[in-house]
Every structure is written in structure tokens, then in C-alpha cells.
Amino acid sequence: MLKVENVTKYYGDFKAVDNLSFDVDSGEIFGLLGVNGAGKTTTFRMIMNLIEPNSGKITFNNKKIDYNLTDKIGFLTEERSLLTKLTVKEQMLFYGALKSLDEDTILRRLDKLLKRFEISEYKDRKINTLSKGNQQKVQFISAIINEPKLLILDEPFSGLDPINIELFKSVILELKQKGTSIIFSSHRMDHVELFCEKLVILVKGKSVLEGYLKDIKKDYKIKKIIIEGDVVKKDLEKIEGVISVLKTACSYEVNIRDESYSKNVFEYVKTRNNVTKYVMEEPSLEEIFVAKVGEAYGK
Amino acid sequence: MENKFKFLTKYSLLKKLKNKWFLIGNAIVAIIIVGLINIDSIIGFFGGDFNDDVKINVIDNTGYYDVIENNLKNVDKYLTDSKVIVTKKQDVKKQKQKLKDTNDILLIINKDETNVFSVEFVSDSYVDMVKYQAIYTCLNSAKSTIAMQNSNIDPNELSKISKPVDIKRTFINEEKTKDEEDAKNVLSVASMIIVLPCFMLIIFLTQMIGAEVNEEKSTRGMEIIIGNVSPKTHFFSKILSSNLFVLIQGAMLLIYGAVGLIIRKLTVSSSNGVISQATSNVNIGEILDTLSNSGIINKLGYVIPLIIILLVLSFLAYSLLAGILASMTTNMENYQQLQTPLMVISLIGYYLILASTMFPGAVFIKAISCIPLISISLAPSLLLSGEIGAGIVIIAILLLALLDFILIKYGLKVYKVGILNYSETNLWKKMFKAIKEK
């Protein structure tokens, strides 16, 4: 289990991470969310032991993360971290050896992973000749070639088309099945929502929301009602408990303060004609994220 | 971690040695070195005006022809590879016509009451400066001889006048010998030649470390590497592999030099041609005999180890500095800017070697020879030429060891922070802060 306890990191006078705590169990996927500069990469770098926190501690299976443990960790950086003058094979032999793997094991696993990612033909190609998406695949393979117990993925879907995103998702879920603890960041909330059981939202290095996704959604009081029918936007806005009304192409999205106000909306809708849809939905993670980040910035 | 250190060192070294540009570069350097050592043979092989026979036709109106001919025959001593043919002629008009479209020279010697004789120098086209000066010198020599003969000086006296002075070299200090004096002169020249490859290797060393660190840094591959090995392991693997590479490269340069000398030896001894005679001036055997007789070879027992220690510690200092500077920069362009002062420092020594020949015994130059980074080129040269003793070299070694220690102790702290720093904002502040951290 990865345990981050009360970690704080300063760069000079700037507090990049502020008393952050979370834990990730084996076989669990954890989302570290936040806008740019929120402290996600700094947190990853501290987990990887690249930089020391000013206070707090980070442990994996109750041991401080040091160079005896990093062989069991996989790290995919947000920016490309490949030595682009090397071939795919040379790159894997290099990074694999840094994970204390022998050449046979690296090549065996590489063949398997290249096949899985459908890029076997690029094994002897120089990385700088590959497309952005294929470079991302190679980088991902380099992060998992050591079959890590802890996998850190900083924006793993960057530069990928929808088909390859699906491929990555399936591999990540396979790793989860095998018991790998996975921690990842993404700007795409739909991806996070699909994967993460647990998450933390960072704003200016500080956690503004944390916990299991289902609990977060349940505890988030603002609900959304979708209505299709002959309703009037101005009438909806006048109803008590309604925060906002958004008219989309063929429906209305009504945000209410909490579930108890749904009956007020329902009473109004009952009086209207041609109503074909009335559904109360939980808010999306993106909506929660925007609301929480907005709150933190005082918007 | 020890295995990872070995792996990184081996990886970095093999990466350089297996690089096709290393192989191509060395092939070119080998050809250039062998070629330079045998440059005179190569020039001679292709021929040119320089080895054409110099035909000097002389029309003598003075009666001094024999003396003039004898002196003109010495013209070839001043020329690289030409035979001089001096012929007496009569008809001025005819001889001038014969000069058309040739490189022949016609000298018309006329009586001159105030200057023994005067000469009209006739040629079809321009004559190169060396040839002209050689003829001019020989004619002056002939004039002196004639003038002395005309003064009724006894032939024995005349012979004495033209004979070079005999110098007997005597030393009050009985330990000093003429052979040692000659050997020191030979070695001071030789050390200047040895310094040039050292300078070249320093450039290799600093460039390689900078390029490697910057490549890993700019691709962010550094984050993955430092995520798996400590900055200390990474740093020392770079230092060790680069120094090993430089040693290998240095050995290869020596091999190229040896091959060049062997080829020179073979081509000179197997040929009796004029070029071979002209190029056999550098006789390695004679130089070695001089060194052997001088007793300097006996001193090499401690001189060579001192120089080797000085070289190793200097290369280490340069590589440590290069690694530290490379870690602070974010791209190769910035590194090259930072690396320039290092290059200038390494050149100071070379210029001071030249200055030391003009200012023998200069205290300033002796003092500078102790300064780390400069001592690599200056101290061995001064030691071999006898300007400084082993004591000063030992001081230079101690100062270098101190610099290396400081660079390892504090430089490593800078390296740890530098390699994961991608911003140039407050760069020096960050580095000084890193040094202060415990």
C-alpha cells in the first residue's frame, strides 16, 4: 500500500504541496486531480524519491521509498522521457536494466508488450521516427516492463486517439487485476471517472476533496435533473431550490441545491405538456471538479 | 546499486565507442596524424617546382668564376629537395633567349670597383623567395671570399676565418652535462607537442559529459534514470566512463603517432632518394641516445608517475566541473556558453609554455604551474625542461587533489539539484542553496 502522510513541499517560499495525505491499496486505481500547477507532478516526484518533502512521509508497504524499492515502481512522466536517438529495443534494454532486469527478461517482456500494443514492427526503429501516439505507447511500455507493484501515470492518455485510449485502459485494468497499485493524473475527468475508485482534488497544493468516487458523488448535494418537454426556462429558474438551468439542443439541465428540491421541479413539470423525459442524475466528476476548484479560487 | 553503476558506466562508454561517428572521426584523425608525420614524404611524392633541378647559368666577366661556382653549389643546402647545377656560359643574348619558358636562372657577373662584383639576376618569370635568398647568400659568401683573397690573406688564415667557432661547454656544477642540457631542450619541445593532444582530450571530455547530461535532461529521461539510480551513482558513472573514453582515445592517438613514425622510418630507410635524405633530420635513435646519455631517462622513473598522476587528477577535475556545469544548464547551447571559460583556462597553460621559453626562470610562470586546471599543460613541460623540480609538481598535485575533493563534496550537491532543475530562474541562488544544505 502506498501511503502519503501530511506531506508538504516548498520551492523557496512557494508552497507547492500543502499537508497532503492519501493512500492507495494494492489493486486500486487512485486519481490525483487538479488544474495545471496544482502540485500533482511535485507529488509524483516526491513519491518517486526524486525530491524530498519538507515534512511528512511517503511509504510503500510500510517502507520509505528509496532506491531499494524503485525497481518495483513504474513511472510514466507527463512529458516524453524517452532517449529519442535510441531504438525501441535499446531504450527498453536501458530502462529495463535500470530496473535490475536481465536482458532475456527485458526482451521477452518487450516482445509480449509490443504485440499487446500492436507496434511489434517498431522494435528496431529509432524512437524519434515514431508518431506521437506510438512514442506514448513505448513510454508506457517502459513504465510497465518491470511489472510494477506501484504504477505512477502522469497524464497517460496525452497524444492518444480514442482507439488507443481504449487499448491503454484495458492494459491499466489488467494491471489492476494483477494487484498493481495505480496512481494517475489526467485532465480528462471522463477517464478518471471510468477508472478511479478513489481520488483527491488538489488546488494550490492543498486537497479540497478526497475519498471514494461513489461517496463523493453521493455526498455532493447538488443534483441535476434532465427534462425533455414543453417547459419554460424562466419558469424553471423561479422554482425554489433551483440553482441554474441550461438549455441544450433537445433538453433542459436543471441544477438543484439538493435532492429534496426535486419535488418542486416535478410539481411544475407535471403541469406541462409533451414531457418525454424527467430524470434526476448524479453530477459528473467534471462538474464536481469545476465546482470545487471554482470554490477554492473564490469564483 | 553497484551493478547499476557498472551498467551505467559500461553503457555510457560503449555508447561512445560504438558510435559510428567515433569510428569515422578516428579513421579521419588517424589518417591526418599519419599524414602529418609523413607530410614531407607526401609532398615529395606528388612533386612540384620545389624538387626541380635549379639550373644556374653564369656569365662571368670578372675572372672569379671558380669561387662563385663553389659558393653557388651550396644553394641546395637552403632548398628542400632540389639539385643545383651551375654552368658557365658566354653569350648573353643567346642565353637570355634560352631562358624563355624555363625556370632557369642566368647570373651575369660584372666587375665593380666599389663592391668587388655586381650581379644581374635574369629569369623568365618570378623566382620564389627562398631560392632568391639562397642565391643571394651564396653570392655574398663568394664576395667575402674574393675580397679576403684580394687582401692577400694567407690561405690558412682564410680557412680559419671561414671555419665555425669551436665551443667547449663547461659546467661548474659537476652534476650537469651537455647531454642533459640538450635533452632538456629536446624534451621541452617534445612536451609542447604532447600538450596538444591533452588539450584535445580535455575538449572531448567536457563536450561528451555536457552532451550526455543535456540529452538525458532535455528529453526528461533524467527523471526515469534518477528515479532508479541515485544522482551520485549517475554522476560518477558519467565521470568514470568519460575518463575511460578519454584514456582509450589518448592511447589511440599514441598508436596513430607510432604508426606514423613507423611508416616514416620504413619509407626513409627503404629509399635513397633526396626526399628521404631531407626528411631523415628527425632521428629518433639519436634523440633517444641523447636522452639516455643525459641521465634524464633515469629520472623518468619518478617524472612519469608524477605526470600521470597530474594528468589523471586534472582530467578528473575537468570532468567533475563539466558534469556540474552540465547539470545546471537546460540545453547544449547554454552548456557551451558555460564551458567556454574552462576551455580558455586550459589554453592559458599552453600559452605560458611558449612564454616560458622567452622568460626562463620566471617566478610568475612557476607559480602559475601549481594552479589546478592550468598545471596539466604547464607543469609537465616545465618539469621536463628543468624549469621546475618535482617539489613544485607535487604541490600542483596536492592542490589538484584538494580541488577534486571540493568538487566532489560540493559539486555533487549542485548536481543533485541541477539535473532535475529545468528552470533558469534564480539558477545560481538555487545552486548556492544546494551547496549550503547538509
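**Close-up 1. The residue that follows helix α6 of chain B.** In this predicted model, B:N152 lies just after α6(B) and takes a positive phi of about 60°. The helix that precedes B:N152 runs over residues 129-150 of chain B and has 22 residues. From its first C-alpha to its last, α6(B) reaches 31 Å, which is close to the 32 Å expected at 1.5 Å a residue.

**Close-up 2. The buried residues of helix α6 of chain B and what covers them.** The buried residues of α6(B) are B:K131, B:A134, B:I135, B:C138, B:L139, B:A142 and B:K143, a list in which two lysines, B:K131 and B:K143, appear beside residues such as B:I135 and B:L139. An α-helix has 3.6 residues a turn, so residues three or four places apart point the same way. The cover over the buried residues of α6(B) includes two strands of chain B, β1 (54-60) and β4 (116-123), together with helix α4 (65-72) of chain B.

**Close-up 3. The two domains of chain B.** Chain B is divided into domain 1, which is made of two segments (2-37 + 178-436), and domain 2, which covers 51-162. Taken over C-alpha atoms, the centres of domain 1 of chain B and domain 2 of chain B are separated by 53 Å.

**Close-up 4. The packing of helices α8 and α16 of chain B.** Two packed helices are described by the angle between their axes and the distance between the axes. For helix α8 (residues 178-218) and helix α16 (residues 375-384) of chain B, the axes come within 9 Å and cross at roughly 165°. Because angles over 145 degrees count as roughly antiparallel, α8(B) is roughly antiparallel to α16(B). The crossing of α8(B) and α16(B) is right-handed. On the side of α8(B), the contact is made by B:L187, B:S188, B:S191, B:M192, B:V195, B:C198 and B:F199, while α16(B) contributes B:I376, B:S377, B:P380, B:S381 and B:L384.

**Close-up 5. The contact between chain B and chain A.** The contact takes 18 residues from chain B and 18 residues from chain A. On the side of chain B that touches chain A, α1 (2-17), α8 and α9 (221-228) of chain B each supply at least two residues, and the largest share of that side, seven residues, comes from α9(B).

**Close-up 6. The partner chain A.** Chain A holds 10 helices and 14 strands, and its C-alpha atoms fill a box of roughly 75 × 45 × 30 Å along the principal axes. Of the 299 residues in chain A, 35% are buried. Among contacts in chain A between residues at least 6 apart in sequence, 68% join residues at least 24 apart.

Notes:
Residues are numbered from 1 along each chain as its sequence is written. Chains are lettered from A and ligands numbered from 1 in the order in which they are written. This is a predicted model: local features need pLDDT of at least 70, side-chain atom pairs count only at pLDDT 80 or more; totals for chains, interfaces and linings use all residues. Domain bounds come from an automatic or database domain assignment. Helices (H or I, at least four residues) and strands (E, at least two) are DSSP runs, numbered from the N terminus. The expected span of a helix is 1.5 Å times one less than its number of residues. A residue is buried if 20 or more other C-beta atoms lie within 10 Å of its own, exposed if 12 or fewer, and partly exposed in between; C-beta atoms are placed from the backbone. Two residues are in contact if their C-beta atoms, placed from the backbone, lie within 7 Å. Axes are lines fitted to C-alpha atoms, for helices over the stretch in contact, and angles run from 0 to 180 degrees between N-to-C directions. Angles under 35 degrees count as roughly parallel, over 145 as roughly antiparallel, 65 to 115 as roughly perpendicular and the rest as oblique. A crossing is left-handed if the near helix is turned anticlockwise from the far one by less than a right angle, and right-handed if clockwise.
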